[in-house]
Amino acid sequence: MSARQPRFNQQALYDTTPLPDHIPKVKELGASSAPLLSASFFIGARCKAYNDDYMMCKTEANGRGEFDCMKEGRKVTRCAASVIKDLNENCLDEFRSHWQCLENHNQQLWNCRAPERKLNKCVFDKLKLEKVIPDTPKGEEPVHIRKRNIYASH
């Protein structure tokens, strides 16, 4: 038996080092994973150009782009925040219904297709953003549009 007693660090550590002045300041989203998952395809639709710029910067930096790509990363965060803000202002009930369903069903999209359809319709009608799933086979109805899903529990 070991004579060493266990020691636990229950203290939260914060890095108080300020960012360099050339990196723009941006308020973080403050959203948990369920609302972000619910809004992810709409964030992708509106913020594609910013996401592509950020990923290109990260690729070109070969893993050394933490500070070099922060400017692009902040643009992505600002764009995502604008999508979340617009969803809350225009489709709050549908958005809340969908992300709460995701929260209650272990983030499984297939269990929440009914509220997802309502959210997709509201977002398209009011924000003109359409949900497109990448690499969907041509000529096949996308899974989020189907009226009847095989694995859905309701």
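These are short notes on the core, cavity, pocket and a few individual residues of this predicted model.

1. **Nonpolar core.** The largest nonpolar core has 16 residues. Within it, I43, L87, L119 and V123 have the most contacts. Three elements give two or more residues to this core: α1, α3 (70-90) and α5. The largest share comes from α3, with five residues. As background, nonpolar side chains tend to be buried together in soluble globular proteins.

2. **Cavity count and volume.** There is one cavity of 30 Å³ or more. The largest cavity has a volume of about 40 Å³.

3. **Cavity lining.** Which residues line the largest cavity? They are L37, S38, F41, F42, H98, L109, E116, L119, N120 and K131. By class, the lining has five nonpolar, three polar and two charged residues. Both α1 (33-46) and α5 (113-127) supply at least two residues of this lining. The largest share is from α1, with four residues. L119 belongs to this lining, and L119 is also among the residues with the most contacts inside the largest nonpolar core.

4. **Second largest pocket.** This pocket holds about 170 Å³ of space. Its lining is made of S40, F41, G44, A45, K48, E130, V132 and P134. Four of these residues are nonpolar, two are polar and two are charged. Again α1 gives the largest share, four residues. F41 lines the second largest pocket, and F41 lines the largest cavity as well.

5. **Rings.** How many aromatic pairs are there? The count is zero. One charge does sit over a ring: K128 lies over the face of F124. The distance from the ring centre is 6.0 Å. The cut-off for this contact is within 6 Å of the ring centre, so check K128 and F124 on the model with the stated 6.0 Å in mind.

6. **N106.** Where does N106 lie? N106 is in the loop between α4 (92-104) and α5. Is N106 buried or exposed? N106 counts as exposed because its relative accessible area is 62%, and exposed means over 50%. N106 and A34 are 72 residues apart in sequence. In space, their C-alpha atoms are 9.2 Å apart.

7. **Where α1 recurs.** Three of the points above involve α1. This helix gives two or more residues to the largest nonpolar core. It supplies the largest share of the lining of the largest cavity. It also supplies the largest share of the lining of the second largest pocket.

Notes:
Residues numbered from 1 in each chain as written. Predicted model: local features only at pLDDT ≥ 70, side-chain atom pairs only at ≥ 80, totals over all residues. Heavy atoms only, no water. 1 Å grid on protein atoms, 1.4 Å probe; cavity = no way out; pocket = protein on both sides within 12 Å on 5 of 7 lines; lining within 4 Å. Points joined across faces, edges and corners; volume = space filled by probe spheres on them. Nonpolar A, V, L, I, M, F, W, Y, C, P; charged D, E, K, R; others polar. Phe/Tyr/Trp six-rings, centres within 6.5 Å; stacked < 30°, edge-to-face > 60°. Lys NZ or Arg CZ within 6 Å of the ring centre and 35° of its normal. Core = buried A, V, L, I, M, F, W, Y, C linked by side-chain atoms within 4.5 Å. Buried < 20%, exposed > 50% of the residue type's maximum accessible area, 1.4 Å probe, protein only.
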